[in-house]
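Thanks for coming. I will talk about cysteines and charged pairs, and then stop.

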Amino acid sequence: MTFDKRHHAFFCTCGNAVKKTVIDNIYPFVSIGRCVQTLTVHAGCGASKMLFFLLMAAVLFQPAPAEATFIEQMAIDTRGMAMANTCTANPPGHMSIHYNPAGLSKIAEGTWWHQGVILPQMFKYTKFRGNPDFPGWLQSERWSHKADPIYKGKEVLKAEGKAKSGVMYLPLLNKTIDFAISPRTVIAHKSEASKWTFATGMYTPFATGANHSGKGDPTWFGSRRAVQQHLIYQHPTASYQVTPELSIGAGVGTGQTAQAAELRLRSPNDLTALTRELGQATKGMAIPPWTYLYYKDPLYGGGIHPWEEVARLDMKIRNDFAPSYKMGMLYEPYPWLGFGMVYQSEIIAHMSGNYKITYGDDFMNMVDYYGSGPWGVRNTSIILDLPINPVRYQSGVLTTEVKYPRRIQTGVRYSPVKRLNLMFDLKWSEWSIRDQDTMKLDQDIQLLQVAKLSGHKYGNRTLVSDRFMKDTLDWGVSMEYKLSDKIDLLAGYEFRKTSVNTKYMDLTTPIADMHYFGCGLSRHLDNGGRLDFGLAYARTRAKLDPEESTNLTSTNYFWDGTNMFAGQYYEGDLDVILISVGFVVPFDAYVAYQKGNRAKIIQRIRFLNPFTRVIE
């Protein structure tokens, strides 16, 4: 086949449409308004080393938000969502650029504009419960769970937190907002009698975010506010109809990956409690001036409370060019039977951005202690490369590499009667590529300077968090019933096996197995366009007992993890409701409407401008 002038004209049209794509998705609600109108036309040298290692563990905070099966194609397309993402053998038209590029061959001839939005509403709850069998640090009730501020003033040791809202990253403004929405646009073209179909579009295949900023929310320790998303801002795709029964397709996506996090850090264990006991017991015991030549009282600057805040972390990182590709096949040997397959490559994002670690007074007093006593503690600290000059905060540049898994999804369509399509999909994702999260910082971090004395092997500028995620094999079923020539009814169910390894679960990855339900309908228009409505509901329930996770509830100091809720019980409930609308119209009709809409906007602005009225 050859590429004629019509194909050249299409790519020129795409170039102009890209500009409109960005603008239209900054104001998604305005765009949806247009949809409706258009469709109707962190005591001794040995203990000190262990203590610093302990605090270092508190800073291995896993700043990235939840990265697991949950964030895969939760909110892509209205029809796809309604069929619970089970549509490989029955691709949803123009959003085939994601689900199965070969499905583009099934769209009608002409140039088409597709636009839509998905509004997710998340209900995320975290629940913690103190363990009555926990004796307390140093075997003292003084440091039991009753001393944890999350239970302050409560007779029953129970604390709950709730996400106040979702969080999303705004690419053009480099900011985050406490609101979540997933817009998309696609422009596609198929010439008359051509076997080629071309399309490009913008959408968000991976995204999650939660804001736990409510007063007294225990989730502040571990994941107060976090967001992660991967936005594909353009995905040029082509499909080719090899035979009437077989079509193939491929596409290349260029995307931006962004992460942001705010959290509070603490270090609950025996050694932290010991520093507090020694610090309080040695207040006023100095014998000037001799004592001050060796150390400054109290010991450890007064020590650190094992259940209270040690430091705070804020970070924001991104990568503006993370390519990926997809290949798909659609084979329909009979009208009542079809097979589909799609391969989605892994996405590797080399990210960089800014971080800020703000230290609490107790931690700064401890560092000040390590810098005291010119004949004693200070010399030892210098030899051991310990921090001796307290600072309120450290900030700089952080770099890391984030990987999203490659995926293979296969499906079959069976049509027992002409109006009914039944689909079944199997979905494999290689999440095992996420064994550790590694972050590199641009300076020596005080909490890491002593970590190497107790076994930390990554240096003063590298943080490593264990993940060891698991590959997943999920399945789904869906149906499409053509109620009439104008109305399609859609429904689906998807089971998602968690990729999170329970042993390493924490508040940034609190995802258990998920159930995803979808339903919706499509209204076909006289001009060949379509109006889509979709509703979906997803739920997951996670539970952890004391000691079950080395990143959250373990009391074993020798685990290199962030057990900020050591010895406690944890439950995490997550319910997500997604509402979506989308439309497809001939591109000419869309452009004509935008021109008319522009004239109306200019007219309204002139009317609202008092100076214009005075002049007139």
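**Cysteines and salt bridges**

I start with a cysteine, C519, which is partly exposed at a relative accessible area of 35%. Keep in mind that this is a predicted model. Another cysteine, C87, is buried, with 0% relative accessibility. How many disulfides does a search of the whole structure find? It finds zero. As a reminder, a disulfide is a covalent bond between the sulfur atoms of two cysteines. So neither C87 nor C519 is in one, because the search covers the whole structure and requires two sulfur atoms within 2.5 Å.

Now the charges. Side chains of opposite charge can pair when their charged atoms come close. In this structure there are 32 salt bridges. I will go through three pairs and one network.

The pair to look at now is R467 with D506. Their closest N and O atoms are 3.0 Å apart. Where do the two residues lie? R467 is in the loop between β17 (462-466) and β18 (472-482), and D506 is in the loop between β19 (487-496) and β20 (514-524). The salt bridge therefore ties together parts that are 39 residues apart in sequence. Are these two side chains on the buried or the exposed side of the scale? R467 has 4% relative accessibility and counts as buried, and D506 is buried too, at 2%. The cut-off for buried is under 20% relative accessible area.

Next is D575 with R541, a salt bridge at 3.2 Å from N to O. D575 sits in strand β22, residues 569-586, and R541 in strand β21, residues 530-544, so this pair ties together parts 34 residues apart in sequence. The two partners fall in separate accessibility classes: D575 counts as buried at 12%, whereas R541 is partly exposed at 34%.

Then there is D532 with R530. The closest N and O atoms of this salt bridge are 2.7 Å apart. D532 is buried, with a relative accessible area of 0%. R530 also counts as buried, at 11% relative accessibility.

Last, the network. Which residues are linked in it? They are R79, E480, K482 and D488, joined by salt bridges.

To recap: the search found zero disulfides, and the structure holds 32 salt bridges. Among them are R467 with D506, between two loops, and D575 with R541, between two strands. That is what I have; questions are welcome.

Definitions and conventions
Residues are numbered from 1 along each chain as its sequence is written. This is a predicted model: local features need pLDDT of at least 70, side-chain atom pairs count only at pLDDT 80 or more; totals for chains, interfaces and linings use all residues. Side-chain values use heavy atoms; hydrogens and water are left out. Buried means under 20% relative accessible area, exposed over 50%, partly exposed in between (1.4 Å probe, protein chains only). A salt bridge is a side-chain nitrogen of Lys or Arg within 4 Å of a carboxyl oxygen of Asp or Glu. Helices (H or I, at least four residues) and strands (E, at least two) are DSSP runs, numbered from the N terminus.
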